[in-house]
Structures are given as structure tokens and as C-alpha cells.
Amino acid sequence: MNPDRLSFRTPPAGAVRAWVVAIARLLVGAIEGAVRVVAGRLALFYHIGVIIVSAAIAATLPFTFAFLARRLLASWSAIENERVFLVAAEIGVALVLVLVLRHARTNWQNRRLSRMARTAGMVYFSSGNGLLSRRVAQRLKEQHAVMRDIMIIGSTGFRSLADPKGDLRAVIENCRTAKIMLLNPESRGAIERILTISDHTITRESLQSQVEQTIAFLRALPAVSQRVRLKLYPEPPLWKLAILGDHAWVRHYHPALDVRVLPEYVFVHSQDPRGLYTAFYQYFTTRWNDPAIPEYDLLTGELVYPDGDRREVGGVLSRL
């Protein structure tokens, strides 16, 4: 080789990448070390500042108490013979004690009620009257029922299922399977419900129409024969119950009030035998397995009894 003609070869790409990675690691390590040093110093400065402030406060306490004592004695010497001030002070102290004791009693009662609610398994309460509360409840129901097995007991199911804004409409569309129990509009229980409720807009015709629309909505669901089962019970409704997975949403059907004006309670499933979720689950199971309550075949429109007997329905249901 000619020494006057030195050849400089370009290092391979792999070596360049290795150098870049090594330099990057060194920079990252240096930055992390600097951050640790700064953070450690900040913590040290913080503790030193707390100690200095605490020592300053402790050193000034004797002077502060002495100043306050002199001011108090001077003020008391001027007002100790003022009866109006003394009476006003006594009244003020009494009012403060009343407020403090009342607040303490209210807190104790709230803690006791909260402990009772937790024992019963109640995790949510909704008045159901406000727009915001209804939206929150609807969103929670949708979350609880996604690809879960659900169970529903209601009156007609119109406002919850058939109505496009119903709180259970998205639930029934996104669930895995559904067991639904509605009031038979041709039964004696439907007549009793109409007679006892104070809402004069609810008539037998309106109740029948709502059941018709709910059944029509259920029939339009995809794979309805595999996903949805419907039964029609004959007694007046007692509970508006929606068991969505591990949560039970409960409302009471008051004989003379619309169920929408009553609060809604949510109970969660737990291993605690004192919880009410199990009680509502057993209530639904008992009602569903009652041999006197037939199943409504959504495909044929027939009532199917546990013994396999099929009967054609009459009245309003025969038109579906």
C-alpha cells in the first residue's frame, strides 16, 4: 500500500446505530440522574423549610399567647359589667353548641344509614325526576347489561323498551339473553291496576296499546327467538325490576301512583347474605318458574304452558 494514499473506509451502518444507541442511553441516564438529584434536593429543601417554619411558630407561641392574654384581660375589664354583652355572649354560645351538636347528630345518623345501605347492598339511588339523574341511570344500566343475561319485570314495558328514549331500550339491544315478564292486558290484574291508579290517562285501551307496541319491538330484535323470552303474568304489578348482570334496579308499583314518580334503588350482588340482591333475584326466579304463568311465543303469538300445551290468545294479543 502506498502510504501517500491512505484510504478512509466508511464505518458500517450497524456500528453507527450502535454508537447512536450508546450515546442515547448515556444521555437518558444523565437526564435521569439529574432529575433524581433535583428531586432529592427539592425534597430536602421542603423538609428543611418545614422544620424552620415549625421552629419559628414554636418560638413565637409564648409572645403570641402573652399578647392575646393582655388583650383579653383588657377587653374583659371593660365588658365584665356589661349585662347586655354577657347575655348576648351566652345566647351566641348556646346557638353555636346547638348547631354543632345538631351537625354531629346528623352526621352520626347519616353514617348509620350509610352503614345500613351498604349492608343491604345498595350502591345507587335515583329520584328519577331530573333529566340529569335519568341520563346517569340510563348510562349505568347500559354499562351493567352489555353482553350479560338480564331479567325484567314491568307493567307494559312501553316507556322502558318500546319508547326510543326508554332507559332499557339499548339494554335489550346489547344484552346476551333476556327474560321479560309483562302484565297481561286481558287479565284481572290489568283492570285492577287501571282502577287503582290516580292517572286518568291510563285506560284499558292505552294499556293494551302499550303492550302491543312492546311486543312488536321485541319481535323486531335480531335473533329474537334465541335471545328473548317473554311471559305475561295476570296479577297487579308489584315491582318494576331489572336484574342486569350483578345489579338489580328496583322500583315499587304504588297502587295509586305512577311508577315514574317513585325513586329507584340499585343493589349489587355480593357474598354477604344480608344483601337484598339475592332476594330480588329469587323473587324473579320464583315468578318466572310459576307454572300458572304462560310464556308468550314471539314468533307464533301463542301462549305456551309448562306442560307443552299451546293456546291461541284472544283479545288484543290475537292481533299481533
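**Entry 1: a salt bridge within helix α5**

I began with helix α5, which covers residues 169-174. E173 and R169 lie four residues apart in this helix, so about one helical turn separates them. I then looked up their side chains and found that they meet in a salt bridge, at 3.9 Å from N to O. E173 counts as partly exposed, because its relative accessibility is 41%. I note here that the model is a predicted one.

**Entry 2: the salt bridges of the structure**

How many salt bridges does the structure hold? I recorded twelve.

I looked up R159 next and found it in a salt bridge with D258, where the closest N and O atoms are 3.1 Å apart. This pair links distant parts of the chain, the two residues being 99 residues apart. R159 belongs to helix α4, whereas D258 sits in the loop between β6 (247-252) and β7 (264-268).

Is D258 buried or exposed? I entered D258 as buried, because its relative accessibility of 12% is under the 20% limit. R159 has 32% relative accessibility and therefore counts as partly exposed.

I also noted a salt bridge between the side chains of R274 and D272, at 3.0 Å from N to O. R274 counts as exposed, because its relative accessibility is 56% and the limit for that class is over 50%. D272, with a relative accessible area of 25%, is partly exposed.

Finally, I found a network of salt bridges that links K141, D167 and E264.

**Entry 3: the largest pocket**

I turned to the pockets and read a volume of about 450 Å³ for the largest one. It is lined by 18 residues, and those closest to its centre are R134, R159, K165, G166 and D167. I had met R159 already as the salt-bridge partner of D258, and D167 as a member of the network with K141 and E264.

Which helix gives the largest share of this lining? I recorded α3, with six residues. Helices α3 (131-145) and α4 (158-162) each supply at least two residues of the lining. By class, I listed eleven charged, five polar and two nonpolar residues in the lining of the largest pocket.

**Entry 4: the second largest pocket**

For the second largest pocket I read about 360 Å³ of space. Its lining has 28 residues, of which S155, T156, R159, Y253 and V259 are the closest to the centre. R159 therefore appears again, having been listed among the residues closest to the centre of the largest pocket. 

Four elements each supply at least two residues of this lining: β2 (149-153), α4, α7 (204-219) and β5 (239-244). The largest share, four residues, comes from α4. I sorted the lining of the second largest pocket by class and obtained 14 nonpolar, seven polar and seven charged residues.

**Entry 5: a nonpolar patch on the surface**

Which residues form a nonpolar patch on the surface? I listed V53, I57, L61, F65, F67 and L68, which together have about 590 Å² of accessible area. I looked up I57 in particular and placed it in helix α1, residues 13-79. I57 counts as partly exposed, because its relative accessibility is 48%.

Methods: Residues are numbered from 1 along each chain as its sequence is written. This is a predicted model: local features need pLDDT of at least 70, side-chain atom pairs count only at pLDDT 80 or more; totals for chains, interfaces and linings use all residues. Side-chain values use heavy atoms; hydrogens and water are left out. Patches are made of residues with over 30% relative accessible area and no salt bridge: like charges are joined within 9 Å, nonpolar side chains (Val, Leu, Ile, Met, Phe, Trp, Tyr) within 5 Å. Accessible areas come from the Shrake-Rupley method with a 1.4 Å probe; for residues, only the protein chains shown count as cover. A salt bridge is a side-chain nitrogen of Lys or Arg within 4 Å of a carboxyl oxygen of Asp or Glu. Buried means under 20% relative accessible area, exposed over 50%, partly exposed in between (1.4 Å probe, protein chains only). On a 1 Å grid over the protein atoms alone, a cavity is a set of points where a 1.4 Å probe fits but cannot get out, and a pocket is an open set with protein on both sides within 12 Å along at least five of seven lines; lining residues have an atom within 4 Å of a point. Grid points are joined across faces, edges and corners, and a volume is the space filled by probe spheres set on the points. Ala, Val, Leu, Ile, Met, Phe, Trp, Tyr, Cys and Pro count as nonpolar, Asp, Glu, Lys and Arg as charged, and the others, Gly among them, as polar.
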